[in-house]
Amino acid sequence: MSKKISIVFCHGIWADGSCFNKVIPTLEAEGHEVMAVQYGLDTVADDVAAVKRTLRRVSSPTILVGHSYGGSVITYAGSDDRVAGLVYIAALAPDLNETTQSQLNQFPVSDIFSHIEVADGRVWMLPKGVECFAGDLPVAEQKVVWATHFAPDADLFNQKMDSVAWKSKPSCYILATKDRTVQPELQRFIAKRMGAKIYEVGSSHVPMLSQPKFVIDVIRTHANRPKMQA
C-alpha cells in the first residue's frame, strides 16, 4: 500500500497552530504525518521559511492547508517540490501582482476591521471582534480564541513574494458562507480564479473549530486522490 500523504497546517493572523487542534487528532489516527507550523507573523518571508523548515520534518509528498492569511503563506511556500497539493480554508491567495491587502481591498471591508487596534506595530483584535471571527463557537470557546489571539505586524499584509503555487498544484477551497472576516464573495472569487474544487460550509471564519468534521472530510478527500500518494 502507498504511504499516506503528510499534512502541514498554516495558521492565519490572530491565531497560531493550535487553531487546528480539533482536526489534527483524527488525521493522525488515520495514519497521516501531521504538523502545524508556528510562525511569527512578522514578515511573509519569515513565515514562508518556517513552512519550508517544517516540510523537512515530515515525509514527502505533503499537502499544505492554509487558513485565512495562511492561504497567502501556502500560495508562496507551496511551490516547493515536496508539496503535492493545497487546501485553502476561508483563505487569501494572491497572484504575482497582488498582496494579501490588495486582495482584501477588492471587496467591501468586513465587519472585523471595525474591531481592531494598531499598537506597538502590531494589529490587535479587540474583544468584540471575536464575534466577527468565531461567532458560531460557544461563548467559552470564543473567549479562549480571543485570549490566545496572536497579533501580526502592521505591515504584514502589504508584503508579497514571487511564487504562486495554486497555478501549478491541485487545490481545493473551503468557503465559509457566514464569514465576517474574509468576505464570502472574495473567497468565491479566489476559489474560482484558481480553479479549485469548492466546498461550501455555513460557518464563521474558523470552520476548523466550528465544523471540524466537515474540514476533516475535505482534507481526507483531497489527500486520498491517487496522484497525491507516494
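Student: Let's start with helix α3: which of its residues are buried?
Tutor: Good place to begin, and keep in mind that this is a predicted model. Helix α3 spans residues 69-77 and is mostly covered, with nine of its nine residues buried. By name, the buried residues of α3 are Tyr 69, Gly 70, Gly 71, Ser 72, Val 73, Ile 74, Thr 75, Tyr 76 and Ala 77.

Student: Which elements do the buried residues of α3 pack against?
Tutor: Two helices are on the list, α2 (44-55) and α4 (100-104). Strands are there as well, and they are β1 (6-10), β3 (62-67) and β4 (83-89). Put together, the packing partners of α3 are α2, α4, β1, β3 and β4.

Student: In what order do the six strands of the open sheet lie?
Tutor: Start from the edges, where β2 (34-36) and β8 each pair on one side only. The pairing in this sheet is parallel. Reading across, the order is β2-β1-β3-β4-β7-β8.

Student: What is the average twist from one strand to the next?
Tutor: Picture walking across the open sheet of six strands, which pair in parallel. From one strand to the next, the twist averages 15°.

Student: How many bridges pair β1 with β3?
Tutor: Strand β1 has a neighbour on the other side too, since it pairs with β2 over three parallel bridges, and Phe 9 has Ala 36 as its bridge partner there. Towards β3, Ile 7 has Ile 63 as its bridge partner. The pairing of β1 and β3 is also parallel, and its number of bridges is five.

Student: Which residues of β1 point the opposite way from Ser 6, Val 8 and Cys 10?
Tutor: In a regular strand, side chains alternate between the two faces of the sheet. All five residues of β1 are buried, so burial alone will not separate the two groups here. Ser 6, Val 8 and Cys 10 point one way, and the residues pointing the other way are Ile 7 and Phe 9.

Student: Is Cys 172 buried or exposed?
Tutor: Cys 172 sits in strand β7 (residues 171-176). Away from its sequence neighbours, Cys 172 contacts several residues, including Leu 86, Tyr 88, Tyr 199 and His 222. Its relative accessible area is 2%, and because anything under 20% counts as buried, Cys 172 is buried.

Student: What is the bridge partner of Cys 172 in the pairing of β4 with β7?
Tutor: Strands β4 and β7 run parallel and are joined by four bridges. One of the residues in contact with Cys 172 is also its bridge partner. That residue is Val 87.

Student: What angle does the direction of helix α9 make with that of β7?
Tutor: Helix α9 (residues 212-223) packs on the sheet, where it touches β1, β3, β4, β7 and β8. The direction of α9 makes an angle with that of β7 of about 170°.

Student: Which helix gives the most residues to the lining of the largest pocket?
Tutor: The largest pocket has a volume of about 250 Å³. It is lined by 17 residues, with Ser 18, Cys 19, Val 145, Thr 148 and Leu 209 nearest its centre. Helices α6 (139-147) and α8 each supply at least two lining residues. The most, three residues, come from α6.

Student: How many charged residues are in the lining of the largest cavity?
Tutor: The largest cavity has a volume of about 60 Å³. Its lining includes Ile 13, Trp 14, Ser 68 and His 205. By class there are eight nonpolar and three polar residues, and the count of charged ones is zero, or simply no charged residues.

Student: What is the phi of Trp 14?
Tutor: Trp 14 lies in the loop between β1 and α1 (24-29), and at 2% relative accessibility Trp 14 counts as buried. Ser 68, in the loop between β3 and α3, has a positive phi near 60°. Trp 14 is not a glycine, yet its phi is positive, at about 55°.

Student: Is the peptide bond from Ser 60 to Pro 61 cis or trans?
Tutor: Pro 61 is found in the loop between α2 and β3. The omega of the bond from Ser 60 to Pro 61 is near 0°, and the bond is cis.

Notes: Residues numbered from 1 in each chain as written. Predicted model: local features only at pLDDT ≥ 70, side-chain atom pairs only at ≥ 80, totals over all residues. Heavy atoms only, no water. Buried < 20%, exposed > 50% of the residue type's maximum accessible area, 1.4 Å probe, protein only. Contact = heavy atoms within 4.5 Å. Pairing = 2+ DSSP bridges. Axes fitted to C-alpha atoms, helices over the stretch in contact; angles between N-to-C directions. 1 Å grid on protein atoms, 1.4 Å probe; cavity = no way out; pocket = protein on both sides within 12 Å on 5 of 7 lines; lining within 4 Å. Points joined across faces, edges and corners; volume = space filled by probe spheres on them. Nonpolar A, V, L, I, M, F, W, Y, C, P; charged D, E, K, R; others polar. Lists of a residue's contacts leave out its neighbours within four places in sequence.
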